[in-house]
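Hi everyone, thanks for making time this morning. I'd like to walk you through a structure that is new to most of you, so please have a look at it with me.

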Amino acid sequence: MLKVRPIDDKDMELIKAAEDVIEKNYRYGRHHIGAAVRTTSGTIYSAVHLEANVGRIAVCGEAMALGKSISEGEHEFDTIVAVAHPHPDEDIENCWVVAPCGMCRELISDYGKEVDVILSYRGELVKCNVMELLPEKYGSELK
């Protein structure tokens, strides 16, 4: 069973940052996921995903937020979240938190095995360590 913890006000602020970035930059067929990462210094970086005509080359919002943070010199991460924007005719209040895809779970854990991920689990928003989402992670430390 997944070991989850309740979210707090700082986590709600992180979710709001992800909602804000996708609300501001939503483009149907281009950008529908917003993500935000909080560094260990407390700074929040947010970004949208980049959709591509060839889906395999799309870049997830979590990767964009991590890259933005790293580009600004922040390399230590605390918590990350992604939200999906509703359909074009729906209000932003219908935004929902989404769990990271498998590739993002790998990427997040590559940059910090202690990073928490906010997700919806059994009908409520919670957080857990990224390694909870990636048991038996492949890595160079394995022999």
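Let's begin with strand 6, residues 116-121, and strand 7, residues 124-129: they run antiparallel and are joined by 6 bridges. What you have on screen is a predicted model, by the way. How many residues lie between strand 6 and strand 7 in their hairpin? There are 2, and Arg122 in that turn has a positive phi of about 55°. If you want a residue to hold on to here, take Asp116, which stands opposite Asn129 of strand 7.

Asp116 also leads us to the next strand. In the pairing of strand 4 with strand 6, Asp116 is the bridge partner of Thr79. Strand 4 covers residues 77-84, and 2 bridges join it to strand 6, with the two running parallel. Another pair to look for there is Ile80 with its bridge partner Val117 in strand 6.

Please stay with strand 4 for a moment. Is strand 4 mostly covered or mostly open? It is mostly covered, with 7 of its 8 residues buried. It pairs with other strands too. Strand 5, residues 96-98, runs antiparallel to strand 4, and 3 bridges join them. In that pairing you can find Ala82 opposite Val98.

Then there is strand 2, which is antiparallel to strand 4 and joined to it by 7 bridges. Here we meet Thr79 again, as the bridge partner of Arg38. So Thr79 is a handy signpost: its partner in strand 6 is Asp116, and Arg38 is its partner in the pairing with strand 2.

From strand 2, residues 33-39, we can step across to strand 3, since these two pair in the antiparallel sense over 5 bridges. One pair to click on is Ala36 with Ser46 of strand 3. Strand 2 and strand 3 form a hairpin as well, with 4 residues between them, and Gly42 in the turn has a positive phi of about 100°. Why do we call strand 3 largely enclosed by the rest of the structure? Because 4 of its 5 residues, in the run 44-48, are buried.

Now, over to the helices. Helix 2 is residues 61-71 and helix 3 is residues 102-111; their axes come within 10 Å and cross at roughly 25°. The two are therefore roughly parallel to each other, and the crossing is left-handed. Who makes the contact? From helix 2 we have Glu62, Ala63, Leu66 and Ile70, and from helix 3 Cys104, Leu107, Ile108 and Tyr111. Sorted by class, that contact has 7 nonpolar residues, 1 charged residue and no polar ones.

One last stop is Gly102, which sits in helix 3. Is Gly102 buried or partly exposed? Its relative accessible area is 43%, so it counts as partly exposed. Try selecting it together with Cys60: the two are 42 residues apart in sequence, and their C-alpha atoms are 11 Å apart in space.

If you take away one picture, let it be strand 4, with strand 6 running parallel to it and strand 2 running antiparallel to it. Thanks for listening!

Terms used. Residues are numbered from 1 along each chain as its sequence is written. This is a predicted model: local features need pLDDT of at least 70, side-chain atom pairs count only at pLDDT 80 or more; totals for chains, interfaces and linings use all residues. Side-chain values use heavy atoms; hydrogens and water are left out. Axes are lines fitted to C-alpha atoms, for helices over the stretch in contact, and angles run from 0 to 180 degrees between N-to-C directions. Angles under 35 degrees count as roughly parallel, over 145 as roughly antiparallel, 65 to 115 as roughly perpendicular and the rest as oblique. A crossing is left-handed if the near helix is turned anticlockwise from the far one by less than a right angle, and right-handed if clockwise. Contact means heavy atoms within 4.5 Å. Ala, Val, Leu, Ile, Met, Phe, Trp, Tyr, Cys and Pro count as nonpolar, Asp, Glu, Lys and Arg as charged, and the others, Gly among them, as polar. Buried means under 20% relative accessible area, exposed over 50%, partly exposed in between (1.4 Å probe, protein chains only). Two strands pair if DSSP finds at least two bridges between them.
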